[in-house]
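Trainee: I would like to learn how to read a structure such as this one feature by feature, with the general idea before each case. Could we look at it together?

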Amino acid sequence: MADARTAGGTVPKTPTHNATVDSMSELKSTPFAVGSATISEHISTVGVDVNDIRPWIGRDVESYRECHVDEMLQELLFRCVDRSKPLPDKPTLLADCFKAVLPICNEGQDARTIKKHLGDMWMPLNSVASKREDDMYKPFVQASNLALDKLSGLDAPGLVRSKDDVDDDKILFHRNDPKNIIQKHQGATSTRKPDVVIVSRAGAKKVWKQSGQASKDELASEKPSKPFKWTDVRSTVEFKHKKIRTGLSTPACGLTQRRLTMSLKRRTALATSSLQTTETQGRSNQSLAPNNKKRGSDQPPEDRSTKKLKVDNDEKGPPKEPLKIHPVLHNGLYAAELFAAHVARQSVITYIVEDDMIYLWYFDRQDAIQCSGINFVQDLPRFMVLLLAMQRMPYAEWGYNRLFEIVDESSGEVRVDIGEVDLTFDLKSDKRVTHFGLRGRATTVFPVESKALSALMPTLPHHNPHNPTSELVAKLYWPEEERESEAEILQKVYDIAKKDTEGKVKYHVPEMVWSHKFEDTSTANIRTALGLKDAERGRRILYIIVFKKLDPITDLSEDEFLSAWWQIILCHYALWENHVHHRDVSPSNLMVYKTSDGRYIGVLNDFDLSSTRETPSGQERTGTVPFMAIDLLTKNAIEGKVQHLFQHDAESFLWVFAWVCLRYEGGRLLRKGRPLDEWLKFDAIQCHDKKTGFLTTHRHDMTPSQSHKKNWDIAQFCLDVLGSYYSLRPLLRPKLEDHVIFKTWLEDHIHNPERLSPRLLDVCM
């Protein structure tokens, strides 16, 4: 049985690192980077719209690595090997598969038909008059499905055999455009329209008019009668063609690999820029030496020709809605939908077709990997090997975690046994917290039932008898593997709580019941297999932690909110003095529970980005942009040159206070007219400017909700002190001790019987 006395929290929000730093030893904190992880876990908590995440997804795809397509083909083929036989080495496996597909590429009428279809994709595009991208869909789908049909009878050396022709799990390419695929994310709705999807026959049957048509694969090249569901989509193919064609792409040295590159501008939400290509050289039996340098950062990159995804960062407002979204950004959005459709999905593979080239993109929670392209007209055997790998790949190798697959879609229940621990998840619960994005921890929180853990809970040494609930929640997430785990940090928190005689920590931290690490899920595995540089750096791994259920502090108003908020501040400060630094204060991490006598008790939650004396730095910069201290929203801080101090967390508490007062009414997020929405769309530098303006001027013109009117007056006193601090030039700002910050920024304005009754100020149980 996994250790039943280790595991805490709800939803983290910090993006992964994508800045290149020459010397980590010179840094005062881990460098900061911004991607979809910054806001994608706040859809229900702070009111993020799904479309707000689009520019952040763009920043995720900026930070890609590069890989020669042959290296990826070797890895994908190895996932298809027959494990009952001696395992072949990967280069030999690839070479054998090249030889095996040659007859299908060169012999018979079917080979000529496949070539004709692929040729038809670009021939109509030779003229200026033809600009319709959807002319490419039908011939591509027809060629790919005919090739899959011929490959099904191929005895490929070392690989498992293809499924039977009548097997509903066999894959096929299917046109999707112009149908929309709709998906819910914590009440928000996303609508996407991928050009072509890869599905099983079972999935294809669901969109055909009549069940009798199920065996007619030719229908896959036509528009579907009904919309697909993301849960049925294995992968997507996005198309792009140039406005004017002058013929086939010219390969270097007879080879067809090249990289897909582009210039992206945030002013149009990474959407209206041009797509460029550069040739790379290699041969089918050689590996291209890739440039494994990670791309991009939240701030403007240096002007270097090697930057593939260049971002302009000079706009003063939030990203504008694009006139046309770039296919690479579309591709990233589709990958995010595929991740969201399946709990704990480990990876996603998607494709972009530009004229006669196809590019494979591999996504996981660490970053994206783009492969050099394949010219499927001039290098049909290599494209055929790619199709062969898709066809023979077992379901789980598409990146699915079979342990968390829903068996009965109507109930949404998933039953899992891990060692002696039984878990029953409700994946369709209204109380779930899901994730929409690419990189980062990708936290999801679900209600869970467990006989074993329910029996264990009262026996835990850190059991909290004042929280009467018997309900449990499970947190699944992808932390950085090199960091101290949340379970280990919480154990130190519990050790501090044992010595707490004032009641500031005990009963104000989450009650962890059990945790488990899925050892075989490290994102370093694929990077090591591909021979990428620094494969271990920033690696992530899947964890599950089970806690006693808590409620968000945003459910509370007036004195109840203020009391719980103050209790959490006291807990946070006590832990900071004992060298447990939380460093990620946000509304999602401030929780409460209700005692049997009706009191609300504040809980400081989510310690997976906290630091202790023994915590390795990792690659993540802590904090959620709208709630981060202004001093941390600077270029130096983003580059890791600013030490994270207690005053930064103290300031975050004030930003949370103001945020709730202005955006929540009676425990509910305002639907319309919410101030500060734009903070969710800005990058760090822009948010710095907006928050400075708010602090000095704009807050005086804002009206709080009726249920937080009294609290807003207190918040204004606190913000006055903060405003005075930031009114000084940086060099003139005093270096304040932690106890001075605590007293002058917080305690003097809160711990006052005239503002909060002694009963509500009392933190002792």
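Trainee: Is Asp559 buried, partly exposed or exposed?

Mentor: Before the case itself, keep in mind that this is a predicted model. The class of a residue follows from its relative accessible area, where under 20% is buried and over 50% is exposed. Asp559 has 28% relative accessibility, and therefore counts as partly exposed. The residue belongs to helix α12, which covers residues 558-577.

Trainee: Which residue can be set beside Asp559 in space although 148 residues separate the two in sequence?

Mentor: That partner is Ser707, whose C-alpha lies 9.7 Å from the C-alpha of Asp559. A second pair of this kind is Thr595 and Asn467, which are 128 residues apart along the chain, while their C-alpha atoms are separated by 5.6 Å. Thr595 sits in the loop between β21 (590-594) and β22 (600-604), and with a relative accessible area of 8% it is buried. A third pair is Glu480 and Gly538, with their positions 58 residues apart in sequence and 6.1 Å from C-alpha to C-alpha. Glu480 is placed in the loop between β17 (472-477) and α10 (486-498), and its relative accessible area of 3% makes it buried.

Trainee: How should I read the packing of two helices, and at what angle do α5 and α8 pack?

Mentor: Two packed helices are described by the angle between their axes together with the distance between those axes. For helix α5 (residues 137-151) and helix α8 (residues 380-392), the angle is about 65° and the axes are 10 Å apart. The two helices are therefore roughly perpendicular to each other, and α5 passes α8 in a right-handed crossing. On the α5 side the contact is made by Phe140, Ser144, Ala147, Leu148 and Leu151, and on the α8 side by Phe383, Met384, Leu387, Leu388, Gln391 and Arg392. Sorted by class, this contact of α5 with α8 has eight nonpolar, two polar and one charged residues.

Trainee: Why do the contact residues of a helix recur at intervals of a few places?

Mentor: An α-helix has 3.6 residues a turn, so residues three or four places apart point the same way. With that idea in mind, you can go back to Ser144, Leu148 and Leu151, which are among the residues that α5 brings to its contact with α8.

Trainee: How do α2 and α8 lie relative to each other, roughly parallel or roughly perpendicular?

Mentor: The axes of α2 and α8 come within 9 Å and cross at roughly 30°. That angle makes α2 roughly parallel to α8, and the crossing in which α2 passes α8 is left-handed. The residues that make this contact are Val69, Asp70, Leu73, Leu76 and Leu77 of α2, with Arg382, Val385, Leu386 and Ala389 of α8. Seven of the residues in the contact of α2 with α8 are nonpolar, none is polar and two are charged.

Trainee: How many residues of helix α2 are buried?

Mentor: Ten of the ten residues of α2 (residues 69-78) are buried, so this helix is largely enclosed by the rest of the structure. The buried residues include the charged side chains Asp70, Glu71 and Glu75, as well as Met72 and Phe78.

Trainee: Which residues of the largest nonpolar core touch the most other members?

Mentor: A nonpolar core is read as a connected set of buried nonpolar residues, and the question here is which of them have the most links. Of the 98 residues in the largest core, Phe140, Phe173, Phe383 and Met384 touch the most other members. Apart from this core lies another one, of 83 residues, among them Ala497, Leu556, Ile569 and Val585. Leaving aside neighbours within four places in sequence, Met384 is in contact with Val101, Ile104, Cys105, Ile114, Ala147 and Leu151.

Trainee: What is unusual to look for in the backbone, and which peptide bond is cis?

Mentor: Two things can be checked here, omega and phi. The peptide bond from Asp177 to Pro178 is cis, with omega near 20°, and Pro178 lies in the loop between β2 (171-175) and β3 (181-185). As for phi, Asp355 has a positive value of about 55° although it is not a glycine. Asp355 is in the loop between β10 (347-354) and β11 (357-364), and is buried at a relative accessible area of 2%.

Definitions and conventions:
Residues are numbered from 1 along each chain as its sequence is written. This is a predicted model: local features need pLDDT of at least 70, side-chain atom pairs count only at pLDDT 80 or more; totals for chains, interfaces and linings use all residues. Side-chain values use heavy atoms; hydrogens and water are left out. A nonpolar core is a set of buried Ala, Val, Leu, Ile, Met, Phe, Trp, Tyr and Cys residues joined through side-chain atoms within 4.5 Å. Buried means under 20% relative accessible area, exposed over 50%, partly exposed in between (1.4 Å probe, protein chains only). Contact means heavy atoms within 4.5 Å. Axes are lines fitted to C-alpha atoms, for helices over the stretch in contact, and angles run from 0 to 180 degrees between N-to-C directions. Helices (H or I, at least four residues) and strands (E, at least two) are DSSP runs, numbered from the N terminus. Angles under 35 degrees count as roughly parallel, over 145 as roughly antiparallel, 65 to 115 as roughly perpendicular and the rest as oblique. A crossing is left-handed if the near helix is turned anticlockwise from the far one by less than a right angle, and right-handed if clockwise.
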